[in-house]
Amino acid sequence: MALHKCNKPQSKTTNVNPELLPHPAVCFIRHEIVLLIGSRFFSRLFREMGDPVTEYTARLQHQEREIQSLSAEIKSLKKSQSFEPSQRLEDLREENARLKYRLNVMKRSLQEETPHCGKSMLNINQRLQDVFGEAIRASFPDLGNPPLSVTPNQQAKFGDYQCNSAMGMAQMLKAKGTKVNPREIAEKIVQNLPDNELIQTTEIAGPGFINIHLKKTFVSKLLTSMLLNGVQPPPLATRKRVIVDFSSPNIAKEMHVGHLRSTIIGDSMCRLFEFLGYDVLRLNHVGDWGTQFGMLIAHLQDKFPDYLTVSPPIGDLQMFYKESKKRFDEDEEFKKRAYQCVVRLQSKEPDFIKAWNMICDVSRREFQKVYDCLDIKIVERGESFYQNRMTQVVKEFEDKGLVELDEGRKIVFVPGQSIPLTIVKSDGGYTYDTSDLAALRQRLFEEKADIVIYVVDSGQGTHFQVIFAAGQMIGWYDPQVTRVEHAGFGVVLGEDKKKFKTRSGDTVRLMDLLEEGLKRSMDKLKEKERDKVLTPEELVKAQRAVAFGCIKYADLSHNRINDYVFSFDKMLDDRGNTAAYLLYAFTRIRSIARLANLDEASLRKAAETTEILLDHDKEWKLGKCILRFPEILQKILDDLLLHTLCDYLYELATTFTEFYDSCYCVEKDRQTGEVNKINMWRMLLCEATASIMAKCFDILGLNPVQRM
């Protein structure tokens, strides 16, 4: 940057103290800073008004870095020498002030427009973080990465949200040698809050907590927008490619209770990503390759010698597998033939490929019965898919000098990991390590995934840790750019707190579990005499909704990291945080509109013309609870813990009950029972609650019915 030196003023009558003025070069630099920001901001603002907020944030951060660099240059110039002022200096000051004013106006305008991104729901917490983040940067521009903490207030008397950054900032400043009272920091932050559309008032409490009160008109408008536009996800900066690996049973073996959690949790994660607008691939990484297929094919040849022309009537594949395994363990001749079958299968001989496909098809039909019950959509891509890619993976590790020989095995040591990966066995065969490395590589390079989630039990945690570390070591992905994560989960326990098994000690078949759920849910419905008011078709729908909804919700409502106790009695209880309670609560909320003879068109017209009043404290509490939905989704997106959504759903249902008990929505004549008054804004709150609950059910994979 060129520095221009001002000549000394000729007039001797000036009354300005030269020491109070900055170096002329300083003024020119400041002028160039504002011109730099102003020209870039104005020229791009109108051209890119539709760009995501994150893009503007990145640009502003870049400009802040430029300002800091130039400010450092200014400070060094200030220390060198001082010059007397000139008329040119005064002109530059005035122009500088004008440009700053215009820039601030444009910034405020952009901030006010940003939250209202079309039909999307606004994340209030994120918006508050943006507002307080700007205030914190303005208050302490030299403090790098100050803490930014904004959370909902647990007690209404302290406001709606709370900013708790002051205490952490005080500690940071103290570490830098500056002692400042947290309360003084909080006061300075409040003073620098930019103009915004959502904060009514703030107050400082205790050592420096900033309590935030929202504007009721702002909350009311957001509720109206949601009713008119539907429950829409927050705006998505970029549409990323997401792969979720879940369920993953083994061919020729029945799905059991051990597959339950992976299937339910994985499906719900996919539903979340899909609702948020991501490009999701649901993958079923089934075990469809290996030695066991040699013994299965050999047994198939003996039991159904005409299998190539007549489809073998394998009624019980589990029994078929047990028979072949018994022969494999006891009959050496059969074992040799089984190994020969494996070799011929791996050589892709047509007759053996056909036998393999037949066995896989029998399994798929059994798996599909479970997936149909649970409403699971999934794409099968078994271990066989990666066979040819495994050779490429081994070669890549060898070419980079990462492979070591160990008693005939080819192993890979990954820095920081306690156990190596075995990528080729001593007999030349591949392992699960090779298969999972090939799968990871395929997902990153061929599928071009931005996010890869493995929903597999926590017992596989160490294995995936080494696989991911190897992928990073060889340069397949950067964890700062691509998210690769193992979403582990605990085991299902019986009511005796031991691993869930049948009385005979066998693993519980998943279909048996689902059928038992159907039986018990029907018993529950009849106990409540629902069979007397529902048609046979409605009763069956309610039975399936309760049975499968309760099984799913019982799993999802527990922190997936922990083990959980499976109990039909608890999950079918219509009290507390259960699917049964929530499904009944949802049905009751929906019935309120029917009671008032309001159809969908009437409610929509009311949303267009009726202001949602939030004067009663229960109305206000419910309105805020409804609008926390985007915040909840963001938290789950960060940690993949779906029980947070269940907790929110239960909170919403109980908050609605408080509201409904205190605020009349529909008033009837006590003698005739006829509706004589409808509080329309409260009916809209009922509709908003039901809409959010329905979307929560959808993400959790529950299927509510209108009548129950």
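Select arginine 443 to begin, and you will find this residue in helix α14, which spans residues 432–446; helices here are DSSP runs of H or I with at least four residues, strands are runs of E with at least two, and both are numbered from the N terminus. At 0% relative accessibility, arginine 443 counts as buried, a word that stands for under 20% relative accessible area, while exposed stands for over 50% and partly exposed for what lies in between, with a 1.4 Å probe and protein chains only. The model is a predicted one, in which local features need pLDDT of at least 70 and side-chain atom pairs count only at pLDDT 80 or more, whereas totals for chains, interfaces and linings use all residues. Residues are numbered from 1 along each chain as its sequence is written, and side-chain values use heavy atoms, with hydrogens and water left out.

Now show what surrounds arginine 443: leaving aside neighbours within four places in sequence, its contacts (heavy atoms within 4.5 Å) include Ile243, Asp245, His285, Tyr386, Lys448 and Tyr454.

From that list, select lysine 448, which lies in the loop between α14 and β11 (451–454). Is lysine 448 buried or exposed? Lysine 448 counts as exposed because its relative accessibility is 58%. Its phi is near 55°, a positive value in a residue other than glycine. Most residues other than glycine have a negative phi.

Serine 247 is the next stop, in the loop between β5 (241–245) and α8. Serine 247 also has a positive phi, of about 75°, although it is not a glycine, and with a relative accessible area of 3% this serine is buried.

Continue to helix α8 (residues 260–275) and display it with helix α24 (residues 680–700): their axes come within 7 Å and cross at roughly 130°, where axes are lines fitted to C-alpha atoms, for helices over the stretch in contact, and angles run from 0 to 180 degrees between N-to-C directions. The two helices, α8 and α24, are therefore oblique to each other; angles under 35 degrees count as roughly parallel, over 145 as roughly antiparallel, 65 to 115 as roughly perpendicular and the rest as oblique. The contact is made by Ser268, Arg271, Leu272 and Phe275 of α8 together with Lys695, Asp698, Ile699 and Leu700 of α24.

For another pair, select helix α9 (residues 292–303) and helix α10 (residues 317–330), which pack at an angle of about 100° with their axes 9 Å apart, and which are therefore roughly perpendicular to each other. Residues in this contact include Met295, Leu296 and His299 of α9, and Phe320, Tyr321 and Phe328 of α10.

Move next to leucine 173 in helix α5 (residues 165–175), which counts as buried at 10% relative accessibility. Which residues does leucine 173 contact, once neighbours within four places in sequence are left aside? They are Phe140, Leu143, Thr178, Val180 and Ile185. Leucine 143 is 30 residues from leucine 173 in sequence, and the two are 7.7 Å apart in space, C-alpha to C-alpha.

Then select glutamine 126 in helix α4 (residues 124–139), which counts as partly exposed at 36% relative accessibility. Its C-alpha atom is separated by 7.6 Å from that of glutamate 631, although the two residues are 505 residues apart along the chain.

Finally, show the whole chain, with its 24 helices and 16 strands; of its 708 residues, 47% count as buried.
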